[in-house]
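I opened the model to look up its aromatic contacts. These are my entries in the order I made them.

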Amino acid sequence: MTLHEPTSPDTERPRGPGAPDGGAAHGRVVVVVHPRSILIALGVVLVVVAAVEFMLLAQAGLTLVMVALFLALALNPAVERAQRRGLRRAPAVGAVYVVALVILALLGAVFIPPLVDQISKLIDALPNLVDDLTKGHGPLGFLERKYQVVERVRSATVGQSANGLLGQAGSALTAVEGVATTVFGSIIIAFLTFFMLLEGPEWRRRCTELIPERNRGVAERIGAGVYRSVGGFVTGNLMASLLAGVVATIIMLVTGVPYAVPIGLFVAIIELVPYLGPLVATIVVTAMALTVGVTSALLALGLLLAYHVVEGHTLRPILYGRAVKLSPLAILVAIVLGTEIAGILGALIAIPVAGSIQVIIGELIRARDERRRSALMG
C-alpha cells in the first residue's frame with residue numbers, strides 16, 4: 001500500500017542544479033506500508049493478548065510453576081558446584097535435593113512446635129483483642145474511638161457470611177479445602193522443582209537448537225544473561241527475606257512482643273516482595289508491639305527501620321544488585337504493573353521479569369550495532 005502526498009505549485013520544490021538537494025527533490029512524501037508488516041503487527045498483538053488471557057485463566061497453576069522455578073533457580077548454583085567437583089548432573093541434583101529436604105526437616109522440627117503453639121495462643125487471644133478493640137480499650141483502642149474500625153469491618157462483611165449450622169459447616173469445609181490445597185500444592189512444587197533441576201540444561205539445549213544457526217550466539221548470550229539476572233535475584237531475595245524474618249523475630253523477642261515466631265515467619269514470606277514487603281512487615285510488627293505498649297512499639301519500629309535502611313543500602317545490593325541492574329524507578333514501575341496484573345505473585349516476579357527484558361533489549365541493541373558496524377566496514 002502506497003500513499004502519495006499531492007503536490008502543488010506552491011509546495012513543489014525547485015528542480016535543477018541549483019536546488020538545495022542537488023535537483024533530486026520530488027515535492028512529495030511516499031509512505032510504503034507492506035501487508036506483511038501489518039500482519040506481523042497484528043500477530044504480535046494477538047500473541048500478547050492470548051498470553052495475558054492465558055496467565056489470567058491459569059493463574060493457580062502458573063503460581064505453582066513459578067514457585068518451583070524460583071526454588072530450582074535457588075538450588076541450581078549448589079548443583080553446579082557439585083558438578084564441578086566431579087559429580088554428574090543426576091547425582092548432583094539428588095544430593096542437593098536430599099540436603100535441602102534435610103535442612104527443611106530440621107527447621108520444621110525446631111520451629112513448627114513453637115509456631116503451632118503460638119498460633120493456637122494467638123487464635124485463643126483474638127476474641128479478647130477484638131473485644132478490647134470494640135470497646136476502645138488497650139493500645140489499639142484509638143482505632144475504634146477515632147476511626148470506628150469495627151463498625152466499618154462489620155458493615156463491609158454483613159450479608160457475606162451464612163448464619164447458624166450451615167455457616168459453620170461452610171467454614172469447616174473451606175478450612176479443610178484450604179489445607180488439602182496447600183498439601184497438594186506443596187507436593188506438586190516438590191516434584192516440579194526436582195525435575196526442573198534435573199532436566200533444566202536439556203530443555204535449554206533443545207530450545208537453543210530450534211533457533212537458526214546465525215542467531216544462536218545471540219540467543220545463548222540472552223539465555224545466559226537472563227539466567228544470571230533471575231538466578232541472582234532469586235537466591236539473593238530468599239537469603240535476604242529469611243534474614244529479615246530472623247531479625248524481626250529477635251526484635252520481637254527482645255521487646256516482649258507476643259507471637260514472635262509466627263509473625264517472624266510472616267515477615268520472612270512478605271519480605272520476598274521487594275519494597276512493599278518491608279513496609280507491610282514494619283507495620284504489622286509495630287501494630288503487634290502496640291498491644292504490649294507504646295515504648296515497645298517505638299523500640300520495635302526504630303530497630304526495624306534501622307535494619308531496613310542498612311539492608312537496603314548494603315545487603316540487598318550485595319546479594320542481587322549486581323545481577324539485576326535496574327534503576328529504582330524501573331523497579332517500582334515493574335512492581336506496580338506486576339501487582340496489577342497478577343497480585344502478589346506478579347509483584348514477586350516483577351523484578352526478575354524486568355531484568356530479563358532489560359537483558360534481551362540490551363542484547364538486541366548490541367546485535368543491531370554490530371550489524372551497522374559490519375555494514376559500514378563492508
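**Aromatic rings**

I began with Tyr97, which counts as buried because its relative accessibility is 14%, under the 20% cut-off. I kept in mind that this is a predicted model.

Next I looked up the ring pairs and found two aromatic pairs in the structure. In one of them, the ring centres of Tyr97 and Phe194 are 5.3 Å apart and the planes stand at 70°, so I entered the pair as edge-to-face; the angle needed for that is over 60 degrees.

I then checked where the two partners sit in the chain. Tyr97 belongs to helix H3 (residues 89-135) and Phe194 to helix H6 (residues 164-209). They are 97 residues apart, so I noted the pair as a link between distant parts of the chain.

Is Phe194 buried or exposed? I found neither: at 25% relative accessibility, Phe194 counts as partly exposed.

I followed Phe194 to its other partner, Phe195. Phe194 and Phe195 also pair edge-to-face, with 5.4 Å from centre to centre and 80° between the planes. For Phe195 I read a relative accessible area of 40%, so this residue is partly exposed. I therefore logged Tyr97, Phe194 and Phe195 together, as they form one aromatic cluster.

Last, I looked for a charge over a ring. I found Arg206 over the face of Trp203, at 5.8 Å from the ring centre.

How values were computed. Residues are numbered from 1 along each chain as its sequence is written. This is a predicted model: local features need pLDDT of at least 70, side-chain atom pairs count only at pLDDT 80 or more; totals for chains, interfaces and linings use all residues. Side-chain values use heavy atoms; hydrogens and water are left out. Rings of Phe, Tyr and Trp (its six-membered ring) pair if their centres lie within 6.5 Å; planes under 30 degrees apart count as stacked, over 60 as edge-to-face and the rest as tilted. Helices (H or I, at least four residues) and strands (E, at least two) are DSSP runs, numbered from the N terminus. Buried means under 20% relative accessible area, exposed over 50%, partly exposed in between (1.4 Å probe, protein chains only). A charge sits over a ring if NZ of Lys or CZ of Arg is within 6 Å of the ring centre and within 35 degrees of the ring normal.
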